[in-house]
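The following report describes selected helices, contacts and backbone features of one protein model. Please keep the sequence and the structure in view while reading.

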Amino acid sequence: MSKAHVIGLGKSGVAAARLLKREGWEVELSDSASADSLASRNTSETLLKQQQELADEQITLKLGYSLELNANNLPDLIIVSPGVPWDIPVLVKARELGIETIGEMELAWRHLQTLPWVGITGTNGKTTTTALIAAIFQAAGLNAPACGNIGYAACEVALSEMGREAEGQRGRGAEEKSNNSELLTPNSCTDAINRVCTQHSSIDWVIAEISSYQIESSVSLAPRIGVWTTFTPDHLARHKNLENYYDIKAKLLRRSHLQVFNGDDPYLHKVGLSHWPDAYWTSVKGKDFLIGEKGFYIEDGWVVELQNSTPERIVEASALRMVGEHNLQNLLMAVATARLAGIERDAIDTAIREFPGVAHRLEHICTWEGIDFINDSKATNYDAAEVGLASVKSPAILIAGGEAKPGDDAGWLAQIQAKTAAVLLIGSAAPMFAQRLQEVGYSDYEIMETMEKAVKRSAELAKQYQAPVVLLSPACASFDQYPNFEVRGDDFRKLCLAWVGS
């Protein structure tokens, strides 16, 4: 029996292990974090349940373990979860030894490549654009699950499709009543996969948000439509320099049959037609700012499609309820993708008018005495946080901080000076951010350390300064205090609602 080793116990790693086991592989799943560390991120009950399910499926689980390549017992395949650096010594050695080493996204692609994919990448804007594209496709009656960095792990979608195929081979008839429950028992499939499996009879499109990490570990992933939202410095601690980061992103787009670009992004605009002569470009600024002779732009309040020299109005831009010019850019890319997939205007209009927005991205939590509390926890770098501040009313009370990332903070600091009444700093970045604020002559900040202290103080300051908004927009990763930005945003939400309730 062929042996596979999956690195990383997260959602992607577990789904990859289950997919390989279903195929008949001997599967070992490991995570360098100890059981105690993993339990602290979730709950001990959740971890114990997961361990029992994996044991029932005969998947070997090793916690507090880092893969070692023993010459007497080498795996035939290594699957890497998105958060695992591609250049750690054991993976470099594995590739030198000729052991096939791929990411979880690539594994899913190999099982789903007969289906058309939309692959969305970019520094910022990926999640909103992905969610909006999925909403439009689903409004058109298509089974188009969002996966990757949003929604399901890609291998969960692959597992669900395998389940449908097996169900079809068994024949339907009376078994249809079971709605796949016999095949997909709790121990053989996660609850998330069950929900995908029971929605439709088959998948029409795969809508995948794909990070640079996932592109880096993919060797053949080739979407029908590739979308590039923005490009600014990020993840440089992993990718070393801007050129490497660009080349990784570009790899996905070069493999895509059709390409959609945000033409308002300064870097992408600069490389323009010289790098991407056949792409569809977008611009919120109008037709005169469109790169090339085909694309999508906003004119007189409408999203306009330009193909074959004939402009066609598709949907009113005001149909999207989300604030900020960056969301109009996301709207354009989503509409462009839908039109390239052959989706009619009515479905696009319906989806956009009903689209609620994305959790943790300028998400309105509550209003207390005229003050809006807004969760922008997904703003994990300076550029995203700058956009967040630019999108809200002023003066704002800003909560920022966490685990700092490399990058140019000049634009973000300028927005702080222009838009905020006060800044509350949390996490390990707080002292460094305080120093940077002092350097630009901004003194209205306080170091609060924790989210709980910051939320309480933000309400007091908002009343004092008559600020209409309290905004969590950290400009940082979350890993100093939280396992991910979602948990950070959930904590902010819980604390805000508790404050209002009291």
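## Helix α16 and its surroundings

In this predicted model, helix α16 spans residues 410–419, and its buried residues are Trp412, Leu413, Gln415, Ile416 and Lys419. When α16 is viewed down its axis, these buried residues fall within an arc of 155 degrees, so they line one face of the helix. The elements that cover them include the helices α15 (382–391) and α17 (430–439), together with the strands β17 (396–401) and β18 (420–426).

## Two helix pairs

One of the covering elements, α15, can be followed further. The axes of α15 and α16 come within 8 Å and cross at roughly 20 degrees; because angles under 35 degrees count as roughly parallel, α15 and α16 are roughly parallel to each other. The crossing in which α15 passes α16 is left-handed. On the α15 side, the contact is made by Tyr382, Ala385, Glu386, Leu389, Ala390 and Ser391, while α16 contributes Gly411, Trp412, Gln415, Ile416 and Lys419. Sorted by class, the residues of this contact comprise six nonpolar, three polar and two charged. Trp412, Gln415, Ile416 and Lys419, which take part in the contact with α15, are also among the buried residues of α16.

A second pair is formed by helix α6 (residues 126–139) and helix α13 (residues 325–340), whose axes come within 9 Å and cross at roughly 40 degrees. The helices α6 and α13 are therefore oblique to each other, and their crossing is right-handed. From α6, the residues making the contact are Thr128, Thr129, Leu132, Ile133, Ile136 and Phe137, and from α13 they are Asn327, Asn330, Leu331, Met333, Ala334, Thr337 and Ala338. This contact of α6 with α13 holds eight nonpolar and five polar residues, and no charged residues.

## Val6 in strand β1

Val6 lies in strand β1 (residues 3–7). Is this residue buried or exposed? Val6 is buried, because its relative accessible area is 0%, and buried means under 20%. When its neighbours within four places in sequence are left aside, Val6 is in contact with Gly13, Ala16, Ala17, Leu20, Val27, Glu28, Leu29, Ser30 and Ile79. Val6 and Gly103 are 97 residues apart in sequence, and the distance between them in space is 9.3 Å, C-alpha to C-alpha.

## Backbone features in loops

A cis peptide bond, with omega about 0 degrees, joins Ser394 and Pro395. Pro395 is found in the loop between α15 and β17, and both α15 and β17 are among the elements that cover the buried residues of α16.

Two residues other than glycine have a positive phi, and they are set out below with their places and accessibilities.

| Residue | Phi | Loop | Relative accessibility |
|---|---|---|---|
| Asp300 | near 55 degrees | between β12 (295–299) and β13 (302–307) | 65%, exposed |
| Ala475 | about 60 degrees | between β20 (469–472) and α19 (485–501) | 0%, buried |

Asp300 counts as exposed because its relative accessibility is 65%, whereas Ala475, with a relative accessibility of 0%, counts as buried.

Methods: Residues are numbered from 1 along each chain as its sequence is written. This is a predicted model: local features need pLDDT of at least 70, side-chain atom pairs count only at pLDDT 80 or more; totals for chains, interfaces and linings use all residues. Side-chain values use heavy atoms; hydrogens and water are left out. Buried means under 20% relative accessible area, exposed over 50%, partly exposed in between (1.4 Å probe, protein chains only). Helices (H or I, at least four residues) and strands (E, at least two) are DSSP runs, numbered from the N terminus. The arc is that of the directions from the helix axis to the C-beta atoms. Contact means heavy atoms within 4.5 Å. Axes are lines fitted to C-alpha atoms, for helices over the stretch in contact, and angles run from 0 to 180 degrees between N-to-C directions. Angles under 35 degrees count as roughly parallel, over 145 as roughly antiparallel, 65 to 115 as roughly perpendicular and the rest as oblique. A crossing is left-handed if the near helix is turned anticlockwise from the far one by less than a right angle, and right-handed if clockwise. Ala, Val, Leu, Ile, Met, Phe, Trp, Tyr, Cys and Pro count as nonpolar, Asp, Glu, Lys and Arg as charged, and the others, Gly among them, as polar.
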